[in-house]
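Biologist: I am new to this structure and would be grateful for a close look at a single part of it. Please take one residue as the starting point and then explain what surrounds that part.

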Amino acid sequence: MSQFPQVQPTDLADDAVVLDIREQDEWDRGHAPGAVHIPMSELPARVDELAPFLERDETVVVTCRSGGRVARTLPWLEQQGYEVANLEGGMRGWHAAGKPMVTADGSEPQVP
């Protein structure tokens with residue numbers, strides 16, 4: 001994954017738009033407030049939902065729990081024409097950096 005830029009959580013605004021590719025249960029337990037949620041398994045069918053990133057010529061910062069799924073997703077997204085970067089440390093890194101998180105039910109966020 002070293003061929004792709006690495007973005008530190010502290011370098012992003014608290015309400016930054018990131019693509020969160022974790023599963024629904026992970027998302028529900030805690031996610032960045034401005035994140036777009038498309039699970040990795042659904043990404044090929046829903047990739048058109050990322051069109052606004054292309055229209056604004058923005059880098060798509062992608063996150064999962066700790067980076068494993070992102071490593072498999074970034075090359076594919078790049079092939080689809082997106083400029084992509086990895087959120088260093090994933091949502092674990094986001095949480096550890098003290099960045100805000102929200103949950104589906106208003107409980108204390110968790111990143112297992």
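Modeller: K99 is a suitable starting point: this lysine is buried, because its relative accessible area is 11%, and residues count as buried under 20%. The model is a predicted one, and the values that follow were computed from it.

K99 is located in the segment that follows helix α5, which spans residues 90-96. Apart from neighbours within four places in sequence, its contacts are P9, L12, A13, D14 and W94. Two of these residues offer backbone oxygens to the side chain of K99. A polar atom of that side chain lies 2.5 Å from the backbone oxygen of L12, and a polar atom of the side chain lies 3.5 Å from the backbone oxygen of P9. A13 is 86 residues away from K99 along the chain, yet the C-alpha atoms of the two are separated by 8.8 Å.

A record gives some context for this part of the chain. UniProt, in an unreviewed entry, lists residues 12-103 as "domain: Rhodanese". Within residues 12-103, helix accounts for 37% of the chain and strand for 13%, and the C-alpha atoms at the two ends are 20 Å apart.

From here the description can move to the sheet. The sheet is open and has 5 strands, in the order β1-β5-β4-β2-β3, with parallel pairing. Its edge strands, each paired on one side only, are β1 (6-7) and β3 (36-37). Strand β1 runs parallel to β5 and is joined to it by 2 bridges, and Q6 has N86 of β5 as its bridge partner. Strand β5 also pairs with β4 in the parallel sense, over 3 bridges; here V62 stands opposite N86. Towards the other edge, β2 (residues 19-20) runs parallel to β3 and is joined to it by 2 bridges, with L19 opposite V36.

Helix α4 (residues 68-79) packs on this sheet and touches β2, β4 (60-63) and β5 (84-87), its direction making about 165° with that of β5. The buried residues of α4 are R69, V70, T73, L74 and L77. These residues lie on the same side of α4, because they cover an arc of only 125° around the axis. Their cover includes β2, α1 (24-29), α2 (43-46), β4 and β5. On the other side of the helix, R72 and Q79 are exposed. Just after α4 comes G81, which takes a positive phi of about 100°.

One residue of the sheet shows how several of these elements meet. T63 has its place in strand β4 and counts as buried, because its relative accessibility is 0%. Beyond neighbours within four places in sequence, T63 is in contact with V18, L19, D20, I21, R22, V70, L87, G90 and M91. Among these, V70 is one of the buried residues of α4, and L19 is the residue opposite V36 in β3. T63 also has a polar link to M91: a polar atom of the T63 side chain lies 3.3 Å from the backbone nitrogen of M91.

Note on methods: Residues are numbered from 1 along each chain as its sequence is written. This is a predicted model: local features need pLDDT of at least 70, side-chain atom pairs count only at pLDDT 80 or more; totals for chains, interfaces and linings use all residues. Side-chain values use heavy atoms; hydrogens and water are left out. Two strands pair if DSSP finds at least two bridges between them. Helices (H or I, at least four residues) and strands (E, at least two) are DSSP runs, numbered from the N terminus. Contact means heavy atoms within 4.5 Å. Axes are lines fitted to C-alpha atoms, for helices over the stretch in contact, and angles run from 0 to 180 degrees between N-to-C directions. UniProt positions are given in the numbering used here, feature names are shortened, and annotations may be inferred rather than shown by experiment. Buried means under 20% relative accessible area, exposed over 50%, partly exposed in between (1.4 Å probe, protein chains only). The arc is that of the directions from the helix axis to the C-beta atoms. A polar contact is a pair of N or O atoms within 3.5 Å; within protein, one must be able to donate a hydrogen and the other to accept it, and residues adjacent in sequence count only if both atoms are side-chain atoms.
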